[in-house]
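Work through these exercises with the model open. Each task is followed by its solution.

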Amino acid sequence: MTAFRYKLVSSMCKVFPKEQPDGELENPRLMGLRGETLSFQIAYVWDGDSREWGNIAVSGTLQTQVRIRAVALVPCAYPCHKRTDSGYLADQPGLYPDLLQELSSSRFPLVSGQWRSLWVTVELEKEQAAGSYPLVFTFTVCGKMYETVVACEVLDAVLPKPSICHTEWFHTDCLADYYQAEVFSKRYWEIVEEFVRFAVKHQCNMLLTPVFTPPLDTAVGDERMTVQLVDVLSGGDVYHFGFEKLRRWVEMAERCGIQYFEISHLFTQWGAKAAPKIMAMREGSYVQIFGWDTDASGAAYRAFLHQFLAALKTELAKLGVLERTYFHISDEPQMEHLESYRSAWEGVKADLEGCQVIDALSDYDFYRQGLVQIPVCALDHIEPFLKNRPKRLWGYYCTAQWKDVSNRFMALPGCRTRILGVQMYKYQIEGFLHWGYNFYFSQFSRYPVDPYRCTDADGAFPSGDPFLVYPGRDGKPEGSVRLMLMAEAMMDFAALELLGHLIGRKKVVDMIDEEMELTFTDYPRDEAYLLRLRGKVNGAIQKAVRHGA
């Protein structure tokens, strides 16, 4: 029996060291649209008695478009809450497969007695000619050679940009702290751009924009590092605003491919009772003029917001992005915050007339009473919103959405992350929001953590909730299995949308529901469904294109 064995598995398979992964790619074959990124894994086990290294090479017409990374194990001290549903892969602390690391000189690790995997992506170009492209993967392990061929079929259609907004909240203070880069220094801007570009590459098209330091996950009375983009000059009750940094931000973001902008919240989280930290020049000193001790409904802050929003809207219009900008009042208000939220909204309602306003929430009453223009509903509370549907509806999940619905925890199977794209298409969800693209702090931002050693905000949230990317060397992000699965969800949405334009939306929804009626809580819990569905979608697109639909 050979000491080295391998099998090809889907991107949704999570390969744990002591478990032979289920399933195997048929044929094996990949199929995708021009401009799409296709992924699969090479799972392997080394039964030798000592640590060794293997080498992998790829050949074929598309070889320069192939990227191979090792799926590294990371600490998962808090994999899930004490209550779970039956769909989790595991519920015990341990090492979980997540981090995607570049190979050094095409070498991959062989660890005695353990299953590991290599993540393979094939980035199809938009100009790629349709056809079948065989890719030959050759492994060299202890002098022995192994070879496998994967057929990559490119369809004669371009994957469109999805029509939905996708935002993963971007925390620049976490980057400044981790890399010890002074905020707004040349190095800071370089790092921020690297992480924004990486987000866009992985199907994020909206960027949280810190006009003031975002009042998110901050302990009451505490503060986060100042990352305020708008300069404020305070002269009594009159304020003047400088937008040079904001202009640079917007220019950078658009250069990276960002389409939509999301203005940081105008009031504190969990109730809109206070103002965010706002810094200003006053009598020659840089001081804080608003914060936790500011009454959100007080005359002073309302007067400030009136002047600020008028100036900000004018600037955004000049930059050509006002119609692509979304505003926030306060994040995740609960029913006990209804009146304070109402007061905050009524204080800026006239100033935001004609603008797009979104907020993450769970209770339909906030929308029913006209307090939220575009609700961003938690997926486990979305049914009332679907029954009495707003004209525009977004979705989100976070640590609280642990039961039945889609989520991206490390302890969940990959299909439960990727199913989101299909659900959003069926129910015509306009956008998706998550709070953690790169949150590298403890809960309430009390202190920084090392994301390579702590993936759960120091025991606060299930591993995988706080961030999608790791802060790699030289200010460059490293990806994760979950980041790729989220990107695949968005690409699934785009493919479904394309097919809907070709054959009609109803036929596509019928295709989705062919095996069972899919909802946000009831859906096939195995990767085979998604592989079958995407195969049907690809085939239908190919057929429609050939027949000139």
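**Exercise 1. Give the strand order of the open sheet, then find its edges.**

Step 1. The order is 2-10-9-4-7, with 5 strands and mixed pairing. Strands are DSSP runs (E, at least two residues), helices are runs of H or I (at least four), and both are numbered from the N terminus. Two strands pair if DSSP finds at least two bridges between them.

Step 2. Strand 2 and strand 7 (107-110) are the edges, each pairing on one side only.

Step 3. The model is predicted: local features need pLDDT of at least 70, side-chain atom pairs count only at pLDDT 80 or more, and totals for chains, interfaces and linings use all residues. Residues are numbered from 1 along each chain as its sequence is written, and side-chain values use heavy atoms, without hydrogens and water.

**Exercise 2. In which sense do strand 4 and strand 9 pair?**

Step 1. Strand 4 (residues 52-59) and strand 9 (residues 131-141) are antiparallel over 6 bridges.

Step 2. Check one position: Ala57 stands opposite Thr138 in strand 9.

**Exercise 3. Check the span of helix 12 (residues 527-546).**

Step 1. Take 1.5 Å times one less than the number of residues.

Step 2. For 20 residues this gives 28 Å; the end C-alpha atoms lie 29 Å apart, which agrees.

Step 3. Inspect the ends. At the N-terminal end, Asp526 is the cap, with a side-chain oxygen 3.1 Å from the backbone nitrogen of Ala528. Gly548 follows helix 12, and its phi is positive, near 70°.

Note on methods: Polar contact = N/O pair within 3.5 Å; in protein donor to acceptor, adjacent residues only side chain to side chain.
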